[in-house]
Amino acid sequence: MDTYEPIIGLEIHVELKTKSGMFCGCPADHFGKKPNTGTCPVCLGLPGALPVPNKKAVEWTIMLGLALGSTIAEVSKFDRKHYFYPDLPKGYQISQYDQPLCRGGMVPTSFGDVRIHRVHLEEDTGKLQHATVDGKRVTLVDFNRSGVPLVEIVTEADIRSAEQAKEFLKKLHQIVRYLGISDADMEKGSMRLEPNISLRKIGEKGLPPYKVEVKNINSFRFAERAINYELERHARMLDEGKIPLQETRGWDEAKNATVSQRTKEEAADYRYFPEPDIPPMRFTQQMITNIQSTIPELPDAKLTRFTKDFGLNNQDASLLIESQELADYFEEAVKVATGRTNFSPKDIANWIINRKPDIDAVMPAKFIESMREAKEVVAVSDKDLFAVIDKVLAENAKAVADYKAGKQQSAMFLMGLVRRQLPKSDTKLILDTLRKSLDST
Ligand code: MN
């Protein structure tokens, strides 16, 4: 393995959470719905049905491109990509070939920058279901997903390890979620990962003479495993003087291995040609500027600001910006605490990270209030609790004797007396400390 260098690129498909389909009015939210209930002549590919592009899907793809630093096309168009598969009713997928919406861009990772090759828009396919009907093993087709807007992001082959691939994928996932254009839920298949992998001898330039693509991986962990599995497989073959076959493979969870699916098509096999039913799209600078203005502060910028403005270390800031909701929660909590408490942003960050409040249920103001109370409890226990307990026990000899004789309620009575002098303190803490004192006298 030391003699080779991994050359890895990624293709990522992300389903957009628009209300309607890419080229029709069917609901784009297909997950868990009764099969074939959200379809129409357009997404079923019936003769004569005409596609009309979804404006929101186009804007969101441009928005993602801008967030990744891509150049947005002034003119872009859709193309037909032909292949035969039962989940593709038209016999072709409407995609983009030579004029994608976005080109270029870059995502920095701690291992080095990963350049974006292109970002384009297409439609999702239906879904095959394998089942047994009347004792026969059959394959059924559910077309609810057919025609759901799908963005494809293609990177350059800049990735040099499975760890880097994973970091890149997590960052992309976070950006997509920040933009609010997709749930990017890996388990539901709304973000699907396809690494392409090859090895070259260290010191060699140019791309290796082959690459292996692993299709439709649905978790970061599986992507990492599939890449490492392939890297080892290729190294073994290259050591034996063989060149791995250019092919498409799948990740088999049960076997913890990749399995061959088919040899890879070339672009020519798809017989791409311009979609004749959809005119080319033109974008003015004004349209792109308008979309740019809707982009929220992105994770990397937020991370920098949190470390700079709040004096947080990189690790804590990373945890807080994991989701936009958590980051907002932290900022709101800091705002509430400022002037009313002497908690520093660092204190608040620690509390949020350690206590993991339910940010949907506990408002930031309430959280700061609980933090304040808890801090006072700690102060009381340190300084005064033992002193007050000693005093109460000395002044209430009868109650102490009753307790010793087995009268448990006496402890509650004594606790009430302690609590009257320390109203902010924690009931359980008083009772525990009181019992200890009683048992040791
Ligand atoms: Mn695609």
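Biologist: What distance lies between the C-alpha centres of domain 2 and domain 3?

Modeller: The two centres lie 37 Å apart. This is a predicted model, where local features need pLDDT of at least 70, side-chain atom pairs count only at pLDDT 80 or more, and totals for chains, interfaces and linings use all residues. Residues are numbered from 1 along each chain as its sequence is written, and side-chain values use heavy atoms, with hydrogens and water left out.

Biologist: What makes these stretches domains?

Modeller: The bounds come from an automatic or database domain assignment. That assignment gives domain 1 (4-290), domain 2 (297-375) and domain 3 (382-440).

Biologist: Which residues coordinate the manganese ion?

Modeller: H13 does so through NE2, and E122 and E152 each through OE, at 2.0 to 2.2 Å. A donor is an N, O or S atom within 2.8 Å of the metal (3.2 Å for Na, K and Ca). The distances meet that limit, so these atoms are donors. Water is not among the atoms, so the site may look incomplete.

Biologist: How are the donor residues of the manganese ion spaced in sequence, and what does the pair H13 and E152 link?

Modeller: The spacing is H-x108-E-x29-E. H13 sits in strand β1 (residues 4-15) and E152 in strand β11 (residues 149-155). They are 139 residues apart, so the pair links distant parts of the chain. Strands (E, at least two residues) and helices (H or I, at least four) are DSSP runs, numbered from the N terminus.

Biologist: Why do H13 and E152 count as buried?

Modeller: Buried means under 20% relative accessible area, exposed means over 50%, and partly exposed is in between (1.4 Å probe, protein chains only). H13 has 9% and E152 has 7%. Both therefore count as buried.

Biologist: How do you know that the second largest pocket lies between two domains?

Modeller: Domain 1 (4-290) and domain 2 (297-375) both give residues to its lining, so the pocket lies between them.

Biologist: What makes it a pocket, and what counts as lining?

Modeller: A pocket is an open set of points on a 1 Å grid over the protein atoms alone, where a 1.4 Å probe fits and protein stands on both sides within 12 Å along at least five of seven lines. A lining residue has an atom within 4 Å of a point. Here 24 residues line it, and K170, K171, Q174, S318 and E322 lie nearest its centre. The volume is about 690 Å³. That is the space filled by probe spheres set on the points, which are joined across faces, edges and corners.

Biologist: Which elements supply at least two residues each of that lining?

Modeller: β7 (106-109), α2 (162-179), α5 (299-310) and α7 (324-337) do. The largest share, seven residues, comes from α2.

Biologist: How do the residues of the lining divide?

Modeller: Six are nonpolar, nine polar and nine charged. Ala, Val, Leu, Ile, Met, Phe, Trp, Tyr, Cys and Pro count as nonpolar, Asp, Glu, Lys and Arg as charged, and the others, Gly among them, as polar.

Biologist: Is F310 in helix α5 buried or exposed?

Modeller: F310 has 16%, so it is buried. Outside its neighbours within four places in sequence, it contacts R305, F330, E331, V334 and P345. Contact means heavy atoms within 4.5 Å. The C-alpha atoms of F310 and E331, 21 residues apart along the chain, are 9.5 Å apart.

Biologist: Why is S198 in strand β12 called buried?

Modeller: Its relative accessibility is 4%, so S198 counts as buried. Beyond its sequence neighbours within four places, its contacts include E5, Y210 and H234.

Biologist: What is notable about phi in A184 and K356?

Modeller: Phi is near 45 degrees in A184 and near 45 degrees in K356, a positive value in a residue other than glycine. Most residues other than glycine have a negative phi. A184 lies in the loop between α2 and β12, and K356 in the loop between α8 and α9 (364-383).

Biologist: Which of them is buried and which exposed?

Modeller: A184 has a relative accessible area of 1%, so A184 is buried. K356 has 66%, so K356 is exposed. In helix α8 (residues 345-355), just before K356, I348, A349, W351, I352 and I353 are buried.

Biologist: Why is T284 called partly exposed?

Modeller: Its 43% falls in the middle range, so T284 counts as partly exposed. T284 is in the loop between β17 (281-282) and α4 (285-292).
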